[in-house]
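Here's a quick tour of a multi-chain model, from overall fold down to a helix pair. Have the viewer open and follow along.

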Amino acid sequence: MFNSHIFRLALFLAAGCCAALGEEDIRVGEFASLTGGSASFGQSSHKGTALAIDEINGAGGVLGRKLKLIFEDDQSLPGQPATIVRKLISQDKVAAVLGEVASSKSLEAAPICQENHIPMISPASTNPKVTEVGDYVFRICFIDPFQGTVMAKFALSKGWKKIAVLTDVKQDYSMGLADAFVKGFTANGGQVVKEQKYSTGDKDFKAQLTSLKASKPEAIFVPGYYAEVALIARQARQLGIKVALLGGDGWVGDSLLEVGGKALDGCFYSCHFSAEDKAPAVQNFVARYKAKYGSEPDDMAALGYDSAGILAEAIKRAGATDGPKLRDAIAATKGYAGVTGTISLDAHRNAEKSAVIETITNGAMHFVETVTP
Amino acid sequence: MIEFLQQLINGVSLGAIYALIALGYTMVFGVLRFINFAHGDVYMIGAFAGLYAGPKALRLFGGQPGYIAALLVLLFAMTVCAAVGIVIEFLCYRPLRSRPKLSVLITAIGVSLFIENVCQDSHVFGPNPQAFPTIINDTAIEIPSSWGTFADLTVTTSQILVIVVTAGLLLLLTQIVLHTKLGMAMRAVSFNSVASSLMGVNNDLIISFTFGLGSSLAGAAGILTSIQQPSIDPLMGILLGLKAFVAAVLGGIGNLPGAVLGGLLIGVIETMVVGYVSPTYRDAIVFGVLILILIFKPSGLLGRGQREKV
Amino acid sequence: MRAKLILLGALALCAALSQITPSVNPYYYDVLIGIGINIMLAAGLNLVNGYTGQFSLGHAGFMAVGAYLASAMSLAIQFPYIDWPDWSGPRWLWAPKGIWLLLAAPLRLLEWMHNSLVFLAHGLPAQAQFLCVLLYGGAAAALAGLVVGIPSLRLRGDYLAIVTLGFNEIIRGVIQNAEPLGAQRGLGGMMRHTDFLWTFGSAAVCVYVVLALVNSTYGRGFLAVRDDEVAAEAMGINTTKYKVLAFVIGAFFAGIAGGLYAHFKQYIHPDGFNFLRSVDIVVMVILGGMGNTAGVCVAAVILTILPEVLRRVGIENRMIPYSLLLIVLMLSRPQGLFGGLGVARKKGPAIAK
């Protein structure tokens, strides 16, 4: 063991020394956060991606070659994605890069992929800026404005006219979603009665909720991440706020239901994917994911799975793995039947696809409806 | 007006937690004159000790949450944290006793980072937030409508509990420090450690005891916050620890009632800033308070000024 | 004189090496630039922590100031026709009206200075523009160092560490709210100006300045403040001046390093300049030996390569070995790996009391 470490060290120090292994494999790079603040999302998307690559290889690979996933953890640290993607491109010679969930990490990696003409597919970065970096950067999820509008329409359809908004100011995601929601809601006759803010990592929201309660809203829009949302829900109920909470795909996370429990009953959120979806492709995916990892797949896992699937399909169509041809093939993706819905990429390299609205009853998530753009 | 009163209640219950942690900082500073950077992480370990002990204690009582189960969990977490504190002091700080204070501070930063990152490992606690078991039914207390507008106020059992437990522990602590032999020895070490050892006080023992006592208070704080906010993660102690330190400095470091006053003040200031100004400036304002205090009254609100001897 | 020749030699070497570097594998190049930036950060912090004995835990904050302001300037030069958001407008501060009135005047002044500098830099050739951008970032960071340094002077040791940490958080808090600087989105779109020559040239100048300062009368002043502040004051040394000077120079080079970082990564985010980044730099200074510039530079090299080596052997969380290293070093060799070999050898412990 120790010897192999020394060997690897020597390998590293000998600059330019490239391991020439498995020339026939098509190398696919992936970066995600397995540790640090956004580890929960990274772990899921990585599992989904790895499952997809295994299945593609099990079915004989693409172009008669196997796919080889080369994975790096960026530890949720800014500064890491740039180094990692340079390593993936120059050291591992990957044909394409998959990642990341967090928009800020994707934004850091995107210019490097663009510069090297290596296509990059982000599974779940919903910030519009990500794909504006250049024509080699794609995403397979919907963007924040769409999700915000969906929830605004949903709230109006429930007959709620007065809504309060509680935004996470440390997350651009949350602010983008809140903006889109407020625009969509007020343009269609709704009224935002109070806006309050919090920061990621806060644990006590009683101050904000007390001030929201005073404005007597009919529902509260909380476009944050699950860790805070669960506590917000509990504290809202303790303070006697009985109205529904609404949110976006950031709600999806392991501990949302464990921590939130009964407090979340009757709340609604939009997301990418529902494990309750009866479509055979989805049920197949859920079964295989459970068999491999022993847990239900969440949105990030499904998006990670689809990102690898779209890439493999594009490689097939391109018939080659060089950057420009692969880029054109990915850009031409139309009507890909993924587990997160039918995905087509538009001229801005964003996915056109449907969103799912789920509700929580008795401590479990349930499918409500699918909303198409 | 009702909103203001509600914010005040929220602020005091938050401040009580800060106060418990600040007491630990203040006691350690009293005997060793250095900031135990890892104190916030001991608090985190307290919460995870509760996560481990909670379900077991509940099983003893037929799965029903209750005060006796909660008390057992609290005592367990306090014991674990006391042990952790004593071990940290013994392994990392004791060998540095005669070294410059900065070496100890740097070691403390190292210890803090070590605990946080080891706990983030998926074989230990993992990086994701985890749900803390319900050991007490945390419900809002009904205020009779005869109270008029005050009936709109919401007070939860956990808020009352936090304040009662903090007050109880503070009383106990002052009893120990002011009216026992051990407490007298602690004060002696704090006043002049060389003289105290000449008078037959076992300094090492007293310092270990102080660490244990301070850490057990952090453990109690860990349980009390987790009852209110049942989502715990390995990084929960960083910011809270820093703010509790600010509270200790605000009240006058080394001064027990000062730590409590500082904790309550920081809790209320923070809640008011969030409620009436902007939550984005919450942390900045707490650190701003620290900087102002250190510039204008470095000895804190209740502390006495010390003159440096050459 | 000899030192100046060595500096010139180092610069010439950088220039010569920069002819080969474009052919280096981009991944190694990335690590290489990281080394140069970390050398600057560590050498600058060494002046504060090592030579002057003022323990600062907020160096990443100064780096953030440099990175953000340098980027703001180069973006303004690059895209002159975009209507940049009003700097001193009340909206981005998100502050209540009273505070805004207080801040408005100095902000207007800063905005005016910023705009005139951008205007002046416009006609210059690209490399000269980049020099202006870097110096601007450095100057802004130095100004921040002055602002942090003056109130912090009344404090010592532990207190100073916490206050600098607090300032680091405050600087990040302001950036997180600053709409023209990208707020929580991060700031991107800068040109990739940073190359081998710029990075290592600046690092060489930084090391030279630190060494030249330490070997001058000023250097004796720094060391006197570190070894015994009260005695130094009694001997008529203006301790305030030396402390502020160390802070300002350290911050200046951190600002330059930030500018180089921003124009290499082409995307910066407030979370990249947090407390952990500051600790990274502190570990370099401690490992190298406080007050030993050569040792600190070697430590910067080692600690930049170490995470990449750890990545290879499959240890993903580098903070575990880092923190262990910190504890073990303090317990067994508080003067650092290379401490006691350099300038500080004549004096006992390398860390101030």
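## Chain A as a whole

Of the 373 residues in chain A, 60% are buried. Keep in mind that we're looking at a predicted model, so treat the numbers here as computed from it. Contacts in chain A reach a long way along the sequence: taking the pairs at least 6 residues apart, 67% of them join residues at least 24 apart.

What does the secondary structure add up to? Chain A has 13 helices and 15 strands. Its C-alpha trace spans about 65 × 45 × 40 Å along the principal axes. A compact globule of 373 residues would have a radius of gyration near 21 Å, and chain A, at 21 Å, therefore agrees with that expectation.

## Where A meets B

The A–B contact draws on 27 residues from chain A and 26 residues from chain B. On the chain A side, several elements chip in with at least two residues each: helix 2 (39-58), strand 7 (191-198), helix 8 (206-213), helix 9 (226-238) and helix 10 (255-260). Which of these gives the most? That's helix 8 of chain A, with five residues.

As for chemistry, the side of chain A that touches chain B is a mix of 10 nonpolar, 11 polar and six charged residues.

## Where B meets C

Over at the B–C contact, chain B puts in 37 residues and chain C 36 residues. On the chain B side, helix 4 (101-120) and helix 11 (282-296) each supply at least two residues. Helix 4 of chain B gives the most, with 14 residues.

By class, the side of chain B that touches chain C comes out at 25 nonpolar, eight polar and four charged residues.

## A helix pair in chain C

Now zoom in on chain C, where helix 12 (residues 275-288) packs against helix 13 (residues 293-313) at an angle of about 125°, with the axes 7 Å apart. Angles between 115 and 145 degrees fall outside the perpendicular and antiparallel ranges, so helix 12 and helix 13 of chain C count as oblique to each other. Their crossing is right-handed.

Who makes the contact? From helix 12 of chain C it's Val283(C), Met284(C), Val285(C), Leu287(C) and Gly288(C). Helix 13 of chain C answers with Gly295(C), Val296(C), Cys297(C), Val298(C), Ala299(C), Ala300(C) and Leu303(C). Sorted by class, this contact has 10 nonpolar and two polar residues, with no charged ones.

Key:
Residues are numbered from 1 along each chain as its sequence is written. Chains are lettered from A and ligands numbered from 1 in the order in which they are written. This is a predicted model: local features need pLDDT of at least 70, side-chain atom pairs count only at pLDDT 80 or more; totals for chains, interfaces and linings use all residues. Axes are lines fitted to C-alpha atoms, for helices over the stretch in contact, and angles run from 0 to 180 degrees between N-to-C directions. Helices (H or I, at least four residues) and strands (E, at least two) are DSSP runs, numbered from the N terminus. Angles under 35 degrees count as roughly parallel, over 145 as roughly antiparallel, 65 to 115 as roughly perpendicular and the rest as oblique. A crossing is left-handed if the near helix is turned anticlockwise from the far one by less than a right angle, and right-handed if clockwise. Two residues are in contact if their C-beta atoms, placed from the backbone, lie within 7 Å. Ala, Val, Leu, Ile, Met, Phe, Trp, Tyr, Cys and Pro count as nonpolar, Asp, Glu, Lys and Arg as charged, and the others, Gly among them, as polar. The radius of gyration is taken over C-alpha atoms; the globule rule is 2.2 Å times the number of residues to the power 0.38. A residue is buried if 20 or more other C-beta atoms lie within 10 Å of its own, exposed if 12 or fewer, and partly exposed in between; C-beta atoms are placed from the backbone.
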